[in-house]
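This report introduces a single protein chain to a reader who has not met it before. Please look over the sequence and the structure before reading on.

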Amino acid sequence: MKLWISVLKTNHIPQRVLVTHVRTLCYNTANNSTNFSTHTKHVSNRTKLQEKFLGANKTCRRLSSSYSKETAIQNILLEENKSRTLERIPKMRSIVTNEKVTVGAAVLVPLCTVNGVPSVLFTLRSSRLRSHRGEVSFPGGMCDSTDRDVVHTALRETEEELGIPSSTVDVWGPLKPIPDRKNTMTVVAVLGNVGELDPTKLKLSPREVAEVFTLSFSHLLDPAHQRYTTVKRRHDNYSYTMPVWLGGPHRVWGLTAIMLDQVLVAIATDWYRTVLRSSWRQRR
């Protein structure tokens, strides 16, 4: 009897109902045990259905997200995303620590499609070069006094290295300047769409370029291919963390990886999170 009173109280039944009808309630409950068991089965089945529905809903959301990402990547080089990218670039964080350093070089980040797949074109620097030989890079070089601006530098160097005519490049615009390894000058990456491309038909300059290769945006935006490395310089207590991309024919790291990080932040902000960090630590 006390048990029933306790249960009924928890359901906020008035006190006079507890005293007057508790025996009737117990009697009805005993006689309707079969109905109660059936009700319990219904509740159990309903719970199982709810669990199946929630599981299916999660699967649908996961598939929808995957589909949305694939669709976004397939449309990443369209005019609509170009406009959004150009709106984001001025709002991006600058990593230049010395504002007095001037721009000394520019490169083109060749956006392209290979067999209809949106991709990025990379070069492997020739072993004949004096600096950074054998490293992955973008086509580009030092600014000449005759160049009108960094865009002109990037297009001129690209045509010299890869044989891609400047007139065929749809220039999106320059990104934020990046300091070189010695922090003596900055390098500007210029976004440009070179359209449908067959890397094997490019006219490479053997003095500057050993080979070319492409990585799709699906590859670059896949976390399985993304790593990072942290470097600490003892002489000035400066440390920085930068991304590294694996899984392609060559590892993408260093200044090229920093530029690629900029590109993905600007062009695929919904699907990419930067790990690029830099900080000055106080001397002890």
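Which residues of the largest nonpolar core touch the most other members? In this predicted model, that core holds 42 residues, and those that touch the most other members are Leu111, Phe122, Phe217, Leu264 and Ile267. Among the elements that give two or more residues to this core are the strands S1, S2 and S7 (186-196), together with helix H6 (217-220), while the largest share, 8 residues, comes from helix H7. Leu264, when neighbours within four places in sequence are left aside, is in contact with Phe217, Leu220, Leu221, Trp245, Thr269 and Tyr272. Another core, of 18 residues, lies apart from the largest one and includes Cys112, Val114, Leu121 and Leu162.

Two loop residues can be set side by side.

| Residue | Loop | Relative accessibility |
|---|---|---|
| Asn115 | between S1 (103-114) and S2 (117-125) | 72%, exposed |
| Glu135 | between S2 and S3 (136-137) | 19%, buried |

Asn115 has a positive phi of about 55 degrees although it is not a glycine; most residues other than glycine have a negative phi. Glu135, beyond its neighbours within four places in sequence, is in contact with Thr123, Leu124, Arg125, Arg181 and Trp253, and Glu135 counts as buried because its relative accessible area of 19% is under 20%.

As for confidence, the mean pLDDT of the chain is 80, and 70% of the residues reach 70 or more. Over residues 1-31, however, the pLDDT is below 50, and this stretch has 13 contacts in the model beyond near neighbours in sequence. Residues 280-284 also stay under 50, with 14 contacts beyond four places in sequence.

Notes. Residues are numbered from 1 along each chain as its sequence is written. This is a predicted model: local features need pLDDT of at least 70, side-chain atom pairs count only at pLDDT 80 or more; totals for chains, interfaces and linings use all residues. Side-chain values use heavy atoms; hydrogens and water are left out. Helices (H or I, at least four residues) and strands (E, at least two) are DSSP runs, numbered from the N terminus. Buried means under 20% relative accessible area, exposed over 50%, partly exposed in between (1.4 Å probe, protein chains only). pLDDT is the predictor's confidence in each residue, from 0 to 100. Contact means heavy atoms within 4.5 Å. A nonpolar core is a set of buried Ala, Val, Leu, Ile, Met, Phe, Trp, Tyr and Cys residues joined through side-chain atoms within 4.5 Å.
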